[in-house]
Amino acid sequence: VLVLAAIAGIIWYERRSAVASRIALQGTTVAVLPFTDPGQADSTRYVADMLSEDLRAELKRIRSLIVPSYQSSAGYAGATKPISRIASEMAANFVVTGTIHRGQGDARLEVHVFDGRTGKSAWTDTFAMGNSDLTHIARKSANAILSQLDIDLTREEKDRLGLPPTTNPLAYDFYLRGRYAELSARPRTAVGEARADSMRRAQARYFQARSLDADFATARARLAVTHMWSATAYDTTRARLDQARLEAENALRLDSLVSGPHEALAAYWSRQGNAPKAIEELETGLRHAPNDVDLLVPLGVLLIHAGRWEEGIARIERAIQIDPRNPSALWQAAMSSGRTRRFAEAQKAFNRLIEVSPDDHEVKLIKGQAYLRWKGSADTLSALLAKIPPGWDSRGMATFSRYTALRVQRRYREGLSMLENAPSDLSRDGLVYHPRALMQAEMYHGLGDWRKARAHYEIARAMMADSAAAHPNDPSIHAALGLALAGLGLKRDAISEAERAMEIEPVSKNSRAATAHMGIAVEIFARVGELDRAFETLELLLSMPSGREASIPFLRVWAGFDPLRSDPRFDQLLDRFSGK
């Protein structure tokens, strides 16, 4: 298996010119900015925002149009930038804005279309906004915009633009409220989690919309998506999963061209462990909506997990072309580029992501870690750490990054001082599991103070043995326990924990977690003198997409590989893979 994986990795490297670099988007890009409503009350705040989102959804149905998503557009709410600059940042040919004007007992929506190149107004129109008109207003404005832009429509597209999603105004209002809550729930950072209160509120509103109109396909599609969120976040029962599938299938029965059900069904099949079926669902949705980033990004991720790296990266890069300020797409681009050792591209993606989400400190630190793998220098990581607020240490990531930088620089005494005052006792992010005691032990080990190193290895061992007993299927705990046991010289037990971690998350899963535990296993094997196994595992890592664990610059500086340096195979390995 290891030999076959290595061969597959080598073949991948030979072909890694990436399909994505050959993709050129065809069509006109229309960016719809959040609408404004100067007279809005808090209770009606959702109307302006979601009418622009509904217009965005209508325009996305047109195959010849490229429409950046809410995630890209939301940051321009209330923006005072020149239209031409916004268009440049969003790679848009045209920019649409809207303003709701409220008078005595009535309201109207004024829509402007601007030429993205010049920033000058190309067209404007006003639409009445009676309660019964809200279900039609996005379609009326979409038709008018398409007519002015002289966009050729297929017969099917013309027919669909004339159909409201529901004939029930109250159901439509509940849908808008649900969509507002769902989009508000999305994480504000690339690595964050959805807000549970907003997602539950969205689910309730979609349910009310469906109850008022059982044929409201779009509401049922979004209800399916929120059910899948529930099934992942807190309700892992079979009933919840089946409800998500049922809502998605009913939505497709009502409207075979709506894309939301494919998003939900892909998540459903992925959860069932059926990746081919999940990929098939997303590809089916993209045949009808080829520019939908909510389908492109998860498809890219699933293809990568299936080992189809070129195809996966191509989908993610296409999503960025469509939606250049989408945090999720930029995050996946940065991580996949780092894993495939295209570090310059990874840094560009990280920089764009930080520009979009300047307060996302975790992304900044991960960028610094990626730079370390690229150049073998911790200077960028240290510089980014200096800009992190002193009290910030989410999941211990700042502590772990400081430990990493100081250990690379062999500044062990400073590392011990830092750890003594660190706000977190444990650093973990799903891949990393490093208690403070283990980091302290490794710093004392670097100083050659065996007595204190052993004392801290014992503390770490006791803590992680308890954690492993409580969470026997968490590979990150077993890998970290293996490091502590190796530090204590307990060879057989250390190897057993390394093997356990790799057994739980095997290389066949092609996941970031699998390669992370393999990287730690190399350090464990090296520490206990199992050099043959260390070199075999390291060679495999260098032959596959695992840039976080094994890059030539990182191998040269990381203290965990010190036991390998005196073996001639180490330099031979560096020479052989120096081009990767």
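Before you start clicking, a word on residue classes: Ala, Val, Leu, Ile, Met, Phe, Trp, Tyr, Cys and Pro count as nonpolar, Asp, Glu, Lys and Arg as charged, and the others, Gly among them, as polar. This is a predicted model, in which local features need pLDDT of at least 70 and side-chain atom pairs count only at pLDDT 80 or more, while totals for chains, interfaces and linings use all residues. Residues are numbered from 1 along each chain as its sequence is written, and side-chain values use heavy atoms, with hydrogens and water left out.

**Stop 1: the second largest pocket**

Select R61, R160, T218, D255 and V258, which are the closest to the centre of the second largest pocket among its 41 lining residues. Its volume is about 890 Å³. On a 1 Å grid over the protein atoms alone, a pocket is an open set of points with protein on both sides within 12 Å along at least five of seven lines, a cavity is a set where a 1.4 Å probe fits but cannot get out, and lining residues have an atom within 4 Å of a point. Points are joined across faces, edges and corners, and a volume is the space filled by probe spheres set on them.

Now colour the lining by class: 17 residues are nonpolar, six polar and 18 charged. Helix α2 gives the largest share, six residues. Other elements that give two or more include α7 (169–185), α9 (217–233) and α11 (260–271). Helices (H or I, at least four residues) and strands (E, at least two) are DSSP runs, numbered from the N terminus.

**Stop 2: the largest cavity**

Next, select E53, R56, K60, S69, Y70, Q71, R179, L183, R186 and D294, the lining of the largest cavity. About 60 Å³ of space lies inside this cavity, one of two of 30 Å³ or more in the whole structure. Which helix gives the largest share of its lining? That is α2, with three residues. By class, the lining has two nonpolar, two polar and six charged residues.

**Stop 3: a salt-bridge network**

Keep E53, R56 and R179 on screen and add E182, R222 and E263: these six are linked in a network of salt bridges. A salt bridge here is a side-chain nitrogen of Lys or Arg within 4 Å of a carboxyl oxygen of Asp or Glu. Zoom in on E182 and R179, whose side chains meet at 3.2 Å, N to O. Both lie in helix α7, three residues apart, about one turn of the helix. Both are also buried, where buried means under 20% relative accessible area, exposed over 50%, and partly exposed in between (1.4 Å probe, protein chains only).

**Stop 4: two more pairs**

The structure holds 40 salt bridges, so here are two to visit. R533 and E499 meet at 2.6 Å, N to O. R533 lies in α26 (residues 531–542) and E499 in α24 (residues 491–504), so the pair ties together parts that are 34 residues apart in sequence. R533 is partly exposed at 28% relative accessibility, and E499 is partly exposed at 34%.

Then try R342 and E345, with their closest N and O atoms 3.1 Å apart. R342 is buried at 11%, whereas E345 is partly exposed at 37%.

**Stop 5: helix α20**

Finish at residues 412–420, helix α20, where Y412, G415, L416, M418 and L419 are buried. Seen down the axis, they fall within an arc of 160 degrees, so they line one face of the helix; the arc is that of the directions from the helix axis to the C-beta atoms. They pack against α19 (397–408) and α21 (436–447), contact meaning heavy atoms within 4.5 Å. Rotate to the face turned away, which carries exposed R413 and E420.
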